[in-house]
Amino acid sequence: MSSTFFQRLLIIILFAGMTSKLWAQEYKYEIGGMAGGAFYMGDTNKNAMFKGMNPAAGAVFRYNINFRWALKANLMWGQVSGTTEGLENVFPNNAQTSFSRSVIELGGQAEFNFFPYSDKFDYAEARRFSPYILVGIGMTMAPGGGDMFVAPNIPLGVGVKYKIRDRLNLGCEFSFRKLFGDGLEGREMLDDPYGVSSSLLKNKDWYSFLLLSVTWDFGPRCRTCNNAKNIEY
């Protein structure tokens with residue numbers, strides 16, 4: 001992953017925000033669960049997507065600002081692992097190691113739907129299906145399997161939502177977390193093994209989630225309040 005990718009995704013999100021209309025959702029909130037897989041990218045896995053996939057699960061709460069924008073909070077658990085065995089790059093003194101540990105994450109993201117998302121409101125061109133992008137901030141903790149690791153992260157990702165029927169939503173989301181720290185593995189030999197100076201994006205660990213979600217809408221929005229605020233409904 002590179003800083004160029006970060007910059008392009010952030011530009012897309014900012015442009016989307018400037019061009020979106022403020023149509024109000026029927027329900028203000030969603031709550032539900034997510035389940036799927038997690039994998040690690042770092043010193044023992046530089047660029048192999050989905051390598052060493054392990055289980056992941058969590059809870060999600062979403063506040064729907066309008067058809068386009070939502071704010072999401074999540075509490076996630078996942079298992080990540082890696083090994084130096086079989087890698088093309090050789091570690092100093094040909095050292096070998098492996099790790100497996102749990103990650104716990106508390107985070108929040110802003111989501112932008114590419115289509116107005118709802119199963120009603122045809123006049124607003126709303127659709128029951130929409131892809132979306134997300135960006136946010138979170139905190140990661142990895143207990144056990146080595147020294148306790150705690151560091152902030154930046155989540156970036158993409159997903160799709162589908163409203164099965166009134167109040168019930170299905171989703172699929174792929175996201176990656178850029179950690180501000182190089183100790184997720186809990187192995188000292190993997191903390192800057194080549195002695196290269198660290199920077200904001202270099203020598204930092206990543207982990208990713210591929211998740212399916214089911215959420216339930218609640219909190220009907222007040223039409224009278226919307227009209228008073230000149231929000232189109």
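1. Salt bridges overall. A search of the whole structure, a predicted model, finds 9 salt bridges. Several of them join parts of the chain that lie apart in sequence, as the next points set out for Glu26 with Lys120, for Lys120 with Asp166 and for Arg62 with Glu111.

2. Glu26 and Lys120. These two residues form a salt bridge, with the closest N and O atoms 3.0 Å apart. The pair links distant parts of the chain, 94 residues apart. Glu26 sits in the loop between α1 (3–19) and β1 (27–41). Lys120 sits in the loop between β4 and β5. Their accessibility classes need separate mention. Glu26 counts as buried because its relative accessibility is 15%, under the 20% limit. Lys120, at 29%, counts as partly exposed.

3. Lys120 and Asp166. Lys120 also meets the side chain of Asp166 in a salt bridge, at 3.0 Å from N to O. Asp166 lies in the loop between β6 and β7 (168–179), and Lys120 in the loop between β4 and β5, so the pair ties together parts that are 46 residues apart in sequence. Asp166 is partly exposed, with a relative accessible area of 30%.

4. Arg62 and Glu111. Here the closest N and O atoms of the salt bridge are 2.8 Å apart. Arg62 belongs to strand β2 (residues 54–64) and Glu111 to strand β4, so this bridge ties together parts 49 residues apart in sequence. Arg62 is buried, at 6% relative accessible area. Glu111 is buried too, at 0%.

5. The wider network. Which residues are linked with Arg62 and Glu111 in a network of salt bridges? They are Glu30, Lys72, Lys161 and Glu173.

6. Nonpolar surface patch. Leu75, Trp77, Ile104, Leu106, Met139, Met141, Met148 and Val150 form a nonpolar patch on the surface. Together they have about 740 Å² of accessible area. The elements giving two or more residues to the patch are β3 (69–83), β4 (98–113) and β5 (129–142). Val150, a further member of the patch, lies in strand β6 (residues 149–165).

7. Ser208. Is this residue of strand β8 (residues 206–220) buried or exposed? Ser208 counts as buried, because its relative accessibility is 2%. Leaving aside residues up to four places away in sequence, Ser208 touches Gly37, Ala38 and Phe39, as well as Phe174, Ser175 and Phe176.

Terms used: Residues numbered from 1 in each chain as written. Predicted model: local features only at pLDDT ≥ 70, side-chain atom pairs only at ≥ 80, totals over all residues. Heavy atoms only, no water. Patch = residues over 30% accessible without salt bridge, like charges linked within 9 Å, V, L, I, M, F, W, Y side chains within 5 Å. Areas by Shrake-Rupley, 256 points an atom, 1.4 Å probe, with all protein chains shown as cover. Salt bridge = Lys/Arg side-chain N within 4 Å of Asp/Glu carboxyl O. Helix = DSSP H or I, 4+ residues; strand = E, 2+ residues; numbered from the N terminus. Buried < 20%, exposed > 50% of the residue type's maximum accessible area, 1.4 Å probe, protein only. Contact = heavy atoms within 4.5 Å.
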